[in-house]
Amino acid sequence: MEQITAKTPWKDHLGILPFHLDYFEGTMYEGIKKAAEAYPNYTAFDFMGRPTTYRKMLSEIQRCAKSLRTLGVREGDRVTIALPNCPQAIYAFYAINCIGAVANMVHPLSAEKELEFYINKSNSVTVITLDQFYNKFEAIRENTKLVNVVIASIKDELSRPIRAGYMLTEGRKIQKIPKNAPIVRWNDFMNIGKSCFWNYEVHKDADETAVILYSGGTTGTTKGIELTNKNFNALGAQITGVNPMFRPGDKMLAAMPIFHGFGLGVCIHSMLFNGGRCILVPRFTAQSYAKLITKYQCNFIAGVPTLYEALLRLPSMEKADLSCLKGVFSGGDSLSIELKKKFDKFLYDHHATIQVREGYGTTETVTACCLTPPAMAKEGSIGVPFPDTFIKIVKPDTEEELPYGEEGEILLAGPSIMKCYMDAPEETARTLRKHADGLTWVYTGDLGYMDDEGFVYFKGRSKRMIISSGYNIYPAQMENILDANKMVHMSCVIGVPDDYKMQKVKAFVVLKEGYPKNEDTWLKLMAYCKKHIAKYAMPYDIEFRDSLPTTLVGKVAYRILEEEELARIAQASEEEKEAPDAAEYKKEKIAEAVKALEAEEAEETVEE
């Protein structure tokens with residue numbers, strides 16, 4: 001016990017927060033089934049004004065589980081979910097867990113090639129997505145082993161009056177799916193389970209893989225992170241453990257996406273596991289977020305600093321009454337001291353009795369594993385570890401623990417750390433290391449220090465990464481995509497400061513000989529990016545250069561490009577700063593270029 005005490009300086013500064021918890025040893029499905037049995041008439045989630053009780057949710061999950069079994073999905077199979085925050089995503093996620101399969105969670109706005117990678121990497125033969133994304137999956141289907149494509153529609157989960165409005169607006173933009181398309185519509189899919197008469201519930205060991213989320217890992221290349229039932233259920237216990245003001249029935253605004261650890265782990269599973277109520281937000285805007293906080297009188301909200309910056313500017317929030325709030329959490333990026341002060345004042349001016357609590361985590365620990373206590377904050381700190389979670393600071397890439405106050409690499413250990421990186425034993429061995437203290441530690445690649453009371457301070461990332469609106473974007477991945485284009489000799493991608501997104505993406509490209517540096521080439525490259533890069537990671541501009549600066553060892557000196565861009569922004573006139581992004585300005589032309597590229601690729605395929 002003394003050995004643990006020596007490594008846990010925060011233990012005596014937790015106030016009423018627990019240092020240790022007992023954890024549920026069942027599956028995620030069994031956990032929410034338990035909650036549904038305890039609170040059958042409580043509302044589990046609201047979607048576009050339509051509430052669903054725990055009893056109804058459990059019934060739909062069980063219907064979905066039977067249908068998956070009837071469709072041929074078996075224990076251990078991987079099923080890809082490419083959905084926003086909608087009821088079908090909740091039903092599918094827990095149904096997959098119920099039958100002992102693995103949920104492969106992907107961003108539905110991912111580019112075609114990214115989706116192809118996620119499906120093939122996970123060996124998925126079944127995908128569940130929305131009608132508006134059908135064409136992307138159809139385009140890559142022959143390059144995968146997909147057998148079943150289940151297509152859901154937002155309209156099916158809307159009340160009648162809202163459905164009519166949806167079909168006149170968003171619904172009209174969705175391309176019609178051919179009648180003979182090799183798909184199963186969601187409603188038909190849910191009905192096929194009627195013929196399932198065998199026992200579909202599979203009890204799995206708490207330490208077996210249940211979910212795959214994607215991240216850049218410690219090297220910045222895309223990795224599938226295998227997470228277990230225990231990882232998520234431990235998080236569910238920890239979230240309420242560090243928020244003793246939580247009560248079953250409390251409302252959480254679930255705007256963070258279900259394919260992201262923060263959204264899935266904190267906003268959805270932790271709430272449903274404990275009898276909370278999720279307000280599902282399928283498509284996030286600061287305006288919709290603000291409206292839902294006041295409409296539902298939410299008790300908990302979680303978001304990235306970008307979101308809080310945007311809320312400060314919204315006229316609709318001027319007279320908002322936020323006295324309903326019990327917890328406001330910030331994660332996904334560093335919350336500046338100035339922004340925290342501004343938002344804390346904003347909360348106070350709108351009758352809230354709490355302040356923003358900053359947290360920290362990685363997808364390798366599902367999401368958050370460290371949070372500012374409710375009654376004790378330190379300026380610039382990301383808080384103290386969750387119950388049964390350990391943090392230590394070491395000399396980077398070593399086991400040498402550093403003294404309090406000295407900056408080094410942040411290491412994490414506890415019940416929420418991942419099982420492994422999928423099919424990447426070397427990367428797993430680099431990231432998960434067992435120390436002499438008997439604990440297995442995650443080497444985060446992040447830099448920070450700890451004070452003598454156990455409060456942690458995040459100082460930066462040792463790995464190269466751009467964070468835009470809370471999404472992690474890895475320049476090396478984007479450079480690989482750009483360099484694969486026949487026109488590109490070499491490229492470099494950097495993050496550019498942005499008032500709203502925190503950072504936006506810009507690419508610098510040296511073209512191969514014979515390709516002109518003109519608008520036509522620019523459009524072709526932007527169209528290529530649109531086909532291969534997710535929407536949130538798209539460069540807002542591509543700048544052509546004759547050469548790129550290099551370091552003494554010949555690597556591209558991206559920091560020089562960052563400094564040049566910062567200098568250019570500082571010298572720019574107000575008119576230039578307010579001008580629309582190049583990519584936005586030429587949106588229509590890029591769309592035409594995408595069509596031309598698709599026609600060219602189709603022609604090449606025919607010739608082959």
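Student: Why is strand β21 (residues 440-450) called largely enclosed by the rest of the structure?

Tutor: Good place to start, and remember that this is a predicted model. Eight of the eleven residues of strand β21 are buried, so the strand is largely enclosed by the rest of the structure. A residue is called buried when its relative accessible area is under 20%.

Student: Which way does strand β18 (residues 408-413) pair with β21?

Tutor: β18 and β21 pair in the antiparallel sense, over four bridges. Two strands count as paired if there are at least two bridges between them, and four bridges satisfy that. One bridge sets glycine 408 opposite glycine 448 in β21.

Student: What do β20 and β21 form?

Tutor: They form a hairpin, with five residues between the two strands. Strand β20 (residues 432-434) pairs with β21 in the antiparallel sense over three bridges, and arginine 433 has tryptophan 441 as its bridge partner in β21. In the turn, glycine 438 has a positive phi of about 90°.

Student: How do you know that arginine 433 lies over the face of tyrosine 443?

Tutor: For a charge over a ring, CZ of Arg must be within 6 Å of the ring centre and within 35 degrees of the ring normal. Arginine 433 is placed over the face of tyrosine 443, at 3.8 Å from the ring centre. Lysine 11 lies over the face of phenylalanine 19 in a similar way, at 4.8 Å from the ring centre.

Student: How many aromatic pairs does the structure hold?

Tutor: There are 14 aromatic pairs. One of them joins tryptophan 186 and phenylalanine 189, with 5.4 Å from centre to centre and 50° between the planes.

Student: What makes the pair of tryptophan 186 and phenylalanine 189 tilted?

Tutor: Planes under 30 degrees apart count as stacked, over 60 as edge-to-face and the rest as tilted. The angle for tryptophan 186 and phenylalanine 189 is 50°, and the pair is tilted. Both residues lie in helix α8 (residues 186-192), three residues apart, about one turn of the helix. Both are buried, too.

Student: Why is the pair of phenylalanine 300 and phenylalanine 329 called stacked?

Tutor: Their ring centres are 6.2 Å apart and their planes are at 5°, so the pair is stacked. The cut-offs are centres within 6.5 Å and planes under 30 degrees apart. Phenylalanine 300 is in strand β12 (residues 300-303) and phenylalanine 329 in strand β13 (residues 327-330), so the pair ties together parts that are 29 residues apart in sequence.

Student: Are phenylalanine 300 and phenylalanine 329 buried or exposed?

Tutor: Phenylalanine 300 has 3% relative accessibility and counts as buried. Phenylalanine 329, at 9%, counts as buried as well. The limit for buried is under 20%.

Student: What makes valine 147 exposed?

Tutor: Exposed means over 50% relative accessible area. Valine 147 has 55% relative accessibility, so valine 147 counts as exposed. Its place is in the loop between α6 (134-140) and β6 (148-152). Valine 147 touches Val125 and Arg141, not counting residues up to four places away in sequence.

Student: Why do β2 (50-53) and β16 (384-385) count as edges of their sheet?

Tutor: Each has a single partner strand, so one side of each is left without a neighbour in the sheet. The sheet is open, with nine strands in the order β2-β1-β11-β10-β12-β13-β14-β15-β16 and mixed pairing. Inside it, strand β10 (residues 251-254) and β12 run parallel and are joined by two bridges. Leucine 253 stands opposite isoleucine 301 in β12.

Student: Which strands stand at the edges of the sheet with the order β25-β26-β27?

Tutor: This open sheet has three strands and mixed pairing. β25 (488-498) and β27 (541-544) stand at its edges, each with a single partner strand, so one side of each lacks a neighbour in the sheet. Strand β26 (residues 502-511) and β27 pair in the parallel sense over four bridges, and alanine 507 stands opposite isoleucine 542 in β27. Helix α15 (residues 475-483) packs on the sheet, touching β25 and β26.

Note on methods: Residues are numbered from 1 along each chain as its sequence is written. This is a predicted model: local features need pLDDT of at least 70, side-chain atom pairs count only at pLDDT 80 or more; totals for chains, interfaces and linings use all residues. Side-chain values use heavy atoms; hydrogens and water are left out. Rings of Phe, Tyr and Trp (its six-membered ring) pair if their centres lie within 6.5 Å; planes under 30 degrees apart count as stacked, over 60 as edge-to-face and the rest as tilted. Buried means under 20% relative accessible area, exposed over 50%, partly exposed in between (1.4 Å probe, protein chains only). Contact means heavy atoms within 4.5 Å. Axes are lines fitted to C-alpha atoms, for helices over the stretch in contact, and angles run from 0 to 180 degrees between N-to-C directions.
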